[in-house]
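Colleague: Could you take me through this model before I start on my own notes?

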Amino acid sequence: MSEPVDAASPWVVACLCAAWCRTCDEYRPTFDLVGSEFAHEAAFVWVDIEDDEDALGGIDVVDFPTLLIAHGERVQFFGPVLPHAQTARQLIQRALQGDLGTVSDSALAGLPARLRALR
């Protein structure tokens, strides 16, 4: 049986939230559950947009929760999601299967590595 991936994993799934957001509070156990289900495929990182502001590099997150799914530095999804486990599962599965393509946004350059480093 393989061990869970470490911080250097090429896949990262990050949830960008805020401590004051009640939806984020309610979503945290769901994100942790989904993270445990995919622990062998991806590194999961919970990001507080205020506490981890430097890692965001100027990215402005206005809708919560926002997920980032990336393989290496290739962002495959970045955007707000409904706070349901099945939504996250489907996005992650599609990303792992190569079904999401790549998000082209120069503002996201380096973001996956910076978020992965928070783990």
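What follows is a chat about the sheet, the helices on it, the core and one loop residue of this predicted model.

Colleague: Let's start with the sheet; what is the order of its strands, and is it open or closed?

Modeller: The sheet is open and has four strands in the order S2-S1-S3-S4, with mixed pairing. S2 and S4 are the edge strands, each of them pairing on one side only, and the twist from one strand to the next averages 15°.

Colleague: How many bridges join S1 to S3, and do they run parallel or antiparallel?

Modeller: S1 and S3 run antiparallel and are joined by six bridges. Along this pairing, Val12 stands opposite Ala70 of S3, while Leu16 stands opposite Thr66 of S3.

Colleague: And what about S3 with S4?

Modeller: That pairing is also antiparallel, again over six bridges, and within it Leu67 has Gly79 of S4 as its bridge partner. The two strands form a hairpin with two residues between them, where Gly72 takes a positive phi near 65°.

Colleague: Is S3 largely enclosed or open to the outside?

Modeller: S3 is largely enclosed by the rest of the structure, because five of its six residues are buried. For a view from one residue of that strand, take Ile69: leaving aside neighbours within four places in sequence, Ile69 is in contact with Trp11, Val12, Val13, Arg74, Val75, Gln76, Phe77, Leu91, Ile92 and Ala95.

Colleague: How many residues are in the largest nonpolar core, and which have the most contacts inside it?

Modeller: The largest nonpolar core holds 39 residues, and those with the most contacts inside it are Leu16, Phe44, Leu56, Leu67, Leu68, Ile69 and Leu115. Two or more residues each come from strands S1 (11–17), S2 (43–48), S3 (66–71) and S4 (74–80), and likewise from helices H1 (22–37), H2 (53–56), H3 (85–96) and H4 (111–116).

Colleague: Which element gives the largest share?

Modeller: That is S1, which gives seven residues to this core. As a general background, nonpolar side chains tend to be buried together in soluble globular proteins.

Colleague: Changing topic to the helices, which strands do H1 and H3 touch?

Modeller: Going back to the sheet, whose strands are in the order S2-S1-S3-S4, its edge strands are S2 and S4. H1 packs on this sheet and touches S1, S2 and S3, with its direction making about 165° with that of S2. H3 packs on the sheet as well, touching S1, S2, S3 and S4, and the direction of H3 makes about 20° with that of S3.

Colleague: How do the axes of H1 and H3 cross?

Modeller: Their axes come within 9 Å and cross at roughly 35°, and the crossing is right-handed. On the H1 side the contact is made by Tyr27, Thr30, Leu33, Val34 and Glu37, and on the H3 side by Ala85, Ala88, Arg89 and Ile92. These residues divide into six nonpolar, one polar and two charged.

Colleague: One last thing, where does Pro83 lie?

Modeller: Pro83 lies in the loop between S4 and H3, and it counts as partly exposed because its relative accessibility is 32%, which falls between the 20% limit for buried and the 50% limit for exposed.

Colleague: Which residues is Pro83 in contact with, neighbours within four places aside?

Modeller: With those neighbours left aside, Pro83 is in contact with Thr23, Tyr27 and Pro65. The C-alpha atoms of Pro83 and Thr30 are separated by 8.0 Å, although these residues are 53 residues apart along the chain.

Terms used. Residues numbered from 1 in each chain as written. Predicted model: local features only at pLDDT ≥ 70, side-chain atom pairs only at ≥ 80, totals over all residues. Heavy atoms only, no water. Core = buried A, V, L, I, M, F, W, Y, C linked by side-chain atoms within 4.5 Å. Buried < 20%, exposed > 50% of the residue type's maximum accessible area, 1.4 Å probe, protein only. Contact = heavy atoms within 4.5 Å. Axes fitted to C-alpha atoms, helices over the stretch in contact; angles between N-to-C directions. Left-handed = near helix turned anticlockwise from the far one by under 90°. Nonpolar A, V, L, I, M, F, W, Y, C, P; charged D, E, K, R; others polar. Pairing = 2+ DSSP bridges.
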